[in-house]
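Student: I am new to this structure and would like a close look at a single part of it, the aromatic residues and the helix that carries them. Could you take me through that part slowly, and then set it in its surroundings?

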Amino acid sequence: PYILATLRSDQTAGLKPVLLQHGLWVVSYLWNREPVLGLLGRLLRQKLFHLQLTSGKRSPPSQLSMQMVEWLPATLESLNVFIESAYSPAAVLGPGLFLSCPLARSPTQIEQWFSKTWNEYIFPYLAEATGVAARDTQQEVVKQILNSCPIRFSPEHNIKQPQAIVESEL
């Protein structure tokens, strides 16, 4: 049997002796190389296909669900390129954060999921990981990601952006 797990490289430092003692091996994969490269897209397409099979509907998935399956992997890649260049390759995000996207739900539920994921996880992590030094680049990356998003946000979504950090620190 095999146990597969994901760990950031900074988390494995103290675990390696314990893992080796129990006969477990650590294999490192980079986010921008196979088998991790493209993993999120493959898993989201599989999830969408599975949802269609189990629902018994012959109709195709919603347009927004299809767009999110294409957009989320591109967004993860953009975020990781930015984090890797502005901070450290060890700090990149894994695909697990986006796997909870409710693809079979209504557009409103997908919008709420993304707003919550962005505001509670992604944006604070970007702000913490990259800090003040990369703020200009961070603003550009965030604008690019949010502008390319298939969701059109209304003011009630209150999507956080880098300018909010700048104003709160003044």
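Tutor: What follows starts with the whole chain, turns to the aromatic residues and their helix, and ends with some other places along the chain.

This is a predicted model, in which local features need pLDDT of at least 70 and side-chain atom pairs count only at pLDDT 80 or more, while totals for chains, interfaces and linings use all residues. Residues are numbered from 1 along each chain as its sequence is written, and side-chain values use heavy atoms, with hydrogens and water left out.

The secondary structure comes to seven helices and zero strands, where helices (H or I, at least four residues) and strands (E, at least two) are DSSP runs numbered from the N terminus. Along the sequence this reads as α-α-α-α-α-α-α. Of the 170 residues, 33% count as buried; buried means under 20% relative accessible area, exposed over 50%, and partly exposed in between, with a 1.4 Å probe and protein chains only.

Now to the aromatic residues. Rings of Phe, Tyr and Trp (its six-membered ring) pair if their centres lie within 6.5 Å, and planes under 30 degrees apart count as stacked, over 60 as edge-to-face and the rest as tilted. By this rule there are four aromatic pairs. One of them joins Trp 113 and Phe 114, whose ring centres are 6.3 Å apart and whose planes stand at 50°, so the pair is tilted. Both Trp 113 and Phe 114 are buried. They also belong to one aromatic cluster, formed by Trp 71, Trp 113, Phe 114, Trp 118 and Phe 123.

Trp 118 also marks a bend: helix H5, residues 107-130, bends there by about 45°, the bend being the angle between axes fitted to the seven residues ending at a residue and the seven starting there. After H5 comes Gly 131, whose phi is positive, near 65°.

On the other side of H5 in the sequence is the loop between helix H4 (63-86) and H5, in which Ala 91 lies. Ala 91 counts as buried, at 5% relative accessibility, and its C-alpha is 8.4 Å from that of Asn 80, with their positions 11 residues apart in sequence. Pro 95 is found in the loop between H4 and H5 as well, and it is buried, with a relative accessible area of 17%. The C-alpha atoms of Pro 95 and Leu 37 are 9.6 Å apart, although 58 residues separate the two in sequence. Leu 39, which lies in helix H3, counts as partly exposed at 28% relative accessibility, and its C-alpha is separated by 9.8 Å from that of Gly 94, 55 residues apart along the chain.

The cysteines can be described in a similar way. A disulfide is a pair of cysteine sulfur atoms within 2.5 Å, and by this rule the count is zero. Cys 101 is in no disulfide, since the nearest cysteine sulfur, that of Cys 149, is 9.7 Å away. Cys 101 is buried, with a relative accessible area of 0%, and Cys 149 is likewise buried, with a relative accessible area of 0%.

For a contrasting setting, Val 27 lies in the loop between helix H2 (16-21) and helix H3 (39-55), and at 53% relative accessibility Val 27 counts as exposed.
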